[in-house]
Amino acid sequence: MRHQRQLEIVQRLRTGGATSVEELAQLLGVSSATIRRDLQQLDESGQITRVHGGAIVPAGDSEDADRDYPFASVAADATPEKRQVARLAATLVQDGDVVLIDVGTTTQLLAKELRGRPVTVMTTSLAVLDVLRDDPVVELILLGGWVRRAYHSLVGVVTEDALRQVHADIAFLGASGVQRDGYVLDTTTVEVPVKRAVIKASDKTVLLADRNKFPGNGKLKVCSADDIDVLVTNAGADPVTLQNCSDHGVEVLIT
């Protein structure tokens, strides 16, 4: 628990810059005293630098951490399973639909499947933007926000506010993992409220999760199976999880 929390602290400082003790405590749902102890340990290990009232990452670390490596390293592992999920998911989109696409490598592959389709795509993903920016047929709307360069995503209150102003026929959600009880997980604190806003902004929510996402990883709950309408996955995904999702009314599509 402490290790995961400290990872979140370092990640928040790298992507968001200097942050106060109070902000971190509120973000992670712990006391200010707990955060101070975490910051002290991280400072002693050289991962961060304590400043008055909060902390920063050492000079140079933030820039290095915000390069393309995290997303690129995962995207390079664009397995056949992810491509299969993306292709099947694309068949759920009807011409004329307004489509809301979450961040992730599988959703990027979905965007490729939508090229040349007469649809409107709204997204918080810079990777999706890269795929569709030159497509003359797709109507493309990039929602604003704070840029997380390493993850090719837009997050924060601006993004969440933008999502409250739009409506989609169908949304495609990425995830880090799916628990056996059907809870969808993510690894990053700042992405969770954006994903929840994506769900609220759409008539139908489709979860894209290749078989390796069962259980996958992640300690933060995004939503339960009750918030998902359709799950697209591969043969070989955990049957207990799939049955639990089905029992909660989720349509399970297997490629």
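How many bridges join β9 to strand β12, and do they run parallel or antiparallel? I started my notebook with this one, keeping in mind that the model is predicted.

**Entry 1: strand β9 and its neighbours**

I looked up the pairing and found five bridges between β9 and β12, the latter spanning residues 202-208. The two strands run parallel. To have one pair to look at, I picked Ala 171, which stands opposite Thr 205 in β12.

Next I turned to strand β4, residues 98-101. Three bridges join β4 to β9, and these strands run parallel. Here I noted Val 99, whose bridge partner in β9 is Ile 170.

Then I asked myself how many of the six residues of β9 are buried. I found that five of the six are, so β9, which covers residues 168-173, is largely enclosed by the rest of the structure.

**Entry 2: helix α2**

I moved on to helix α2, residues 21-28, and listed its buried residues: Val 21, Leu 24 and Ala 25. Why do they line one face of the helix? Seen down the axis of α2, the buried residues fall within an arc of 100°, so they share that one face. A general reminder helped me here: an α-helix has 3.6 residues a turn, so residues three or four places apart point the same way.

I also checked what follows α2, and it is Gly 29. The phi of Gly 29 is positive, near 70°.

**Entry 3: a buried glutamate**

My next stop was Glu 160, which I found in helix α9, residues 157-164. Is Glu 160 buried or exposed? I noted that Glu 160 is buried, yet it has no salt bridge. The nearest side chain of opposite charge is that of Arg 164, 4.9 Å away. A salt bridge would need a distance within 4 Å, so this pair does not count as one.

I then looked for what Glu 160 touches, leaving out residues up to four places away in sequence. I found Pro 193 and Val 194.

**Entry 4: the cysteines**

Last, I wanted to know how many disulfides there are. The count comes to zero. Cys 223 is in no disulfide, and the nearest cysteine sulfur to its own is that of Cys 245, 9.7 Å away. Cys 245 is likewise in no disulfide, with the sulfur of Cys 223 as its nearest, at 9.7 Å. A disulfide needs the sulfur atoms within 2.5 Å, so I could not count this pair.

I checked accessibility as well. Cys 223 counts as buried because its relative accessibility is 6%. Cys 245 counts as buried because its value is 4%.

Key:
Residues numbered from 1 in each chain as written. Predicted model: local features only at pLDDT ≥ 70, side-chain atom pairs only at ≥ 80, totals over all residues. Heavy atoms only, no water. Buried < 20%, exposed > 50% of the residue type's maximum accessible area, 1.4 Å probe, protein only. Helix = DSSP H or I, 4+ residues; strand = E, 2+ residues; numbered from the N terminus. Lys, Arg positive; Asp, Glu negative; His and termini not counted. Contact = heavy atoms within 4.5 Å. Arc of directions from axis to C-beta. Pairing = 2+ DSSP bridges.
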